[in-house]
Amino acid sequence: MAKEIPDLVAQERAGTGKGAARAARRAGMVPGVVYGGDAEPLAIQIPFNELLKKLKAGQFKSTLWNLKVEGQEDVRVICRDVQRDVVKDLPTHLDLMRLRRTSKINLFIPVEFVGEDAAPGIKKGGMLTVVRPEVELNVTAGDIPEKIVVDITGLNIGDVITISSVELPKGSKPTIDRDFVIANIAAPAGLASSDDEEGEEGEAEAAEA
């Protein structure tokens, strides 16, 4: 299921350059620019509080937005950069890129794990160790998946989940060519340490023999 494309409401900004950007910030706005898509760059500004709220919600740079600017046609954009104050870590400028529905882009898609209740390894006290909570995929702008679902039903202690064992959303593929680990079922700490001790004892006995 593709994500519903959320709105990002902005205003057209009069003037460009550092002076205009400073004026926008004094007015409680974060200046920005929209570029690409065979159109001229457009200077915009977004209310600081609204942008900060969206940034804190997460996934801002991996979300396809429907940019709404009064007097302009709505356009799909993705954030390419958010510049921040080096001291306060608050947004000071953003760059948005226009996209067509058919554009192919690389985005980090969150991974959701299901089936833990039916995993023998978890029932035995094992722990799901997540190596990659997000996976970068090459996707179509008009059909961005909301998440990657990994079913760990039936997995045991020591089992490893790699990208090749996961059913990816239609039309998407990993940006990394090699097979890589997403998660594994690790042994309980107590069991792991006792196994190590047994191994050391066996090695000692063999040495004595």
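**Group meeting: charged and aromatic side chains**

Okay, so a search through the whole structure turns up four salt bridges. Keep in mind that this is a predicted model. I'll walk you through three of the bridges, and then we'll get to the rings.

Quick reminder before the details: side chains of opposite charge can pair when their charged atoms come close.

Let's start in helix H2, which covers residues 48-57. Here Lys53 and Glu50 meet through their side chains in a salt bridge, at 3.7 Å from N to O. The cut-off for a salt bridge is 4 Å, so this pair counts. How far apart are Lys53 and Glu50 in the helix? They're three residues apart, so about one helical turn separates them. As for solvent, Lys53 is exposed, at 53% relative accessibility, because the line for exposed is drawn at over 50%. Glu50 is partly exposed, with 36% relative accessible area.

Next up, Lys68 and Asp74. These two form a salt bridge as well, and their closest N and O atoms are 2.8 Å apart. Buried or exposed, or something in between, for Lys68? Partly exposed, with a relative accessible area of 31%. Asp74 is also partly exposed, and its figure is 41%.

Now for Glu112 and Lys147, whose side chains meet in a salt bridge at 2.9 Å, N to O. This pair links distant parts of the chain, with the two positions 35 residues apart. Glu112 sits in strand E7, residues 104-114, while Lys147 is in the loop between strand E9 (134-140) and strand E10 (148-151). On accessibility, Glu112 comes out at 32%, partly exposed, and Lys147 at 33%, partly exposed too.

Right, on to the aromatics. How many aromatic pairs does the structure hold? Just one. The partners are Phe60 and Trp65, with ring centres 5.1 Å apart and planes at 40 degrees, so we call the pair tilted. The reasoning there is that planes under 30 degrees apart would be stacked and over 60 would be edge-to-face, so 40 degrees lands in between. And where do these rings sit with respect to solvent? Phe60 is buried, with a relative accessible area of 3%. Trp65 counts as buried too, at 6% relative accessibility. Both values are under the 20% cut-off for buried.

Last item, and here a charge meets a ring. Which residue lies over the face of Phe180? That's Arg132, at 4.3 Å from the ring centre.

Okay, that's my tour. Over to you for questions.

Conventions
Residues are numbered from 1 along each chain as its sequence is written. This is a predicted model: local features need pLDDT of at least 70, side-chain atom pairs count only at pLDDT 80 or more; totals for chains, interfaces and linings use all residues. Side-chain values use heavy atoms; hydrogens and water are left out. Rings of Phe, Tyr and Trp (its six-membered ring) pair if their centres lie within 6.5 Å; planes under 30 degrees apart count as stacked, over 60 as edge-to-face and the rest as tilted. Buried means under 20% relative accessible area, exposed over 50%, partly exposed in between (1.4 Å probe, protein chains only). A charge sits over a ring if NZ of Lys or CZ of Arg is within 6 Å of the ring centre and within 35 degrees of the ring normal. Helices (H or I, at least four residues) and strands (E, at least two) are DSSP runs, numbered from the N terminus.
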